[in-house]
Amino acid sequence: MNLTINWISFVEVFVAAMLASVVVVGFYALGLRLLVRAGRAPVVGPAEFTDAIAVITDKQRARAAKAAAKAARKSPLTDGQKRFALVCAYASFAVCGLAVLGGLLLILFNH
């Protein structure tokens, strides 16, 4: 039995995986940054897990929400700039979703 490896296909898959991961992570980070600039910092509520290392309390969540609201009030951006940042954040998340959907479609229909 002779085992051969198609190295060109291997490199193509490697490059595609690297590009897709850079696109998804990069646009997700950009979207989060733009959400914060738009004054919509995501605040996650407390979680209860049996084996959690650290669980945020209601007091910590309230403090984080208060800090996010204070940062939003102190923002030097105008309302139009905040709205533009919010639209760009949602567009960044859409690019992430399209990249993931495109990868799934390639897996499902490229056989």
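K74 sits in the loop that joins α2 (58-73) to α3 (79-109). In this predicted model, K74 has a relative accessibility of 62% and therefore counts as exposed. Together with K66, K70 and R73, K74 makes up a positive patch on the surface.

**Overall fold**

The chain contains three helices and zero strands. Read from the N terminus, the order of elements is α-α-α. The chain has 111 residues, of which 13% count as buried.

**Aromatic pairs**

Two aromatic pairs turn up when the whole structure is searched. One of them joins W7 and F10 in an edge-to-face arrangement, with 5.6 Å from centre to centre and 80 degrees between the planes. Both W7 and F10 belong to helix α1 (residues 7-37), where they are three residues apart, or about one turn of the helix. W7 counts as exposed because its relative accessibility is 52%, the cut-off for that class being over 50%. F10, at 49% relative accessibility, counts as partly exposed.

Y28 and F93 have ring centres 5.5 Å apart and planes at 50 degrees, so this pair is tilted. Here the contact links distant parts of the chain, since Y28 lies in helix α1 and F93 in helix α3, 65 residues apart. Y28 is partly exposed, with a relative accessible area of 45%. F93 also counts as partly exposed, at 24% relative accessibility; the class of buried residues is set at under 20%, so the value for F93 does not place this residue there.

**Nonpolar surface patch**

The residues W7 and F10 appear again in a nonpolar surface patch, which also includes I5, V11, F14, V15, M18 and L19. Together, the members of this patch have about 830 Å² of accessible area. L19 is located in helix α1. With a relative accessibility of 54%, L19 counts as exposed.

**V36 and A85**

V36 is another residue of helix α1. Its relative accessible area is 42%, so V36 is partly exposed. Along the chain, V36 and A85 are 49 residues apart, and their C-alpha atoms are separated by 8.9 Å.

**Accessibility of the residues discussed**

The table gathers the relative accessibility of each residue named with a value above.

| Residue | Relative accessibility | Class |
|---|---|---|
| K74 | 62% | exposed |
| L19 | 54% | exposed |
| W7 | 52% | exposed |
| F10 | 49% | partly exposed |
| Y28 | 45% | partly exposed |
| V36 | 42% | partly exposed |
| F93 | 24% | partly exposed |

Definitions and conventions
Residues are numbered from 1 along each chain as its sequence is written. This is a predicted model: local features need pLDDT of at least 70, side-chain atom pairs count only at pLDDT 80 or more; totals for chains, interfaces and linings use all residues. Side-chain values use heavy atoms; hydrogens and water are left out. Patches are made of residues with over 30% relative accessible area and no salt bridge: like charges are joined within 9 Å, nonpolar side chains (Val, Leu, Ile, Met, Phe, Trp, Tyr) within 5 Å. Accessible areas come from the Shrake-Rupley method with a 1.4 Å probe; for residues, only the protein chains shown count as cover. A salt bridge is a side-chain nitrogen of Lys or Arg within 4 Å of a carboxyl oxygen of Asp or Glu. Lys and Arg count as positive and Asp and Glu as negative; His and the chain ends are not counted. The place of a charge is taken as NZ of Lys, CZ of Arg, CG of Asp or CD of Glu. Helices (H or I, at least four residues) and strands (E, at least two) are DSSP runs, numbered from the N terminus. Buried means under 20% relative accessible area, exposed over 50%, partly exposed in between (1.4 Å probe, protein chains only). Rings of Phe, Tyr and Trp (its six-membered ring) pair if their centres lie within 6.5 Å; planes under 30 degrees apart count as stacked, over 60 as edge-to-face and the rest as tilted.
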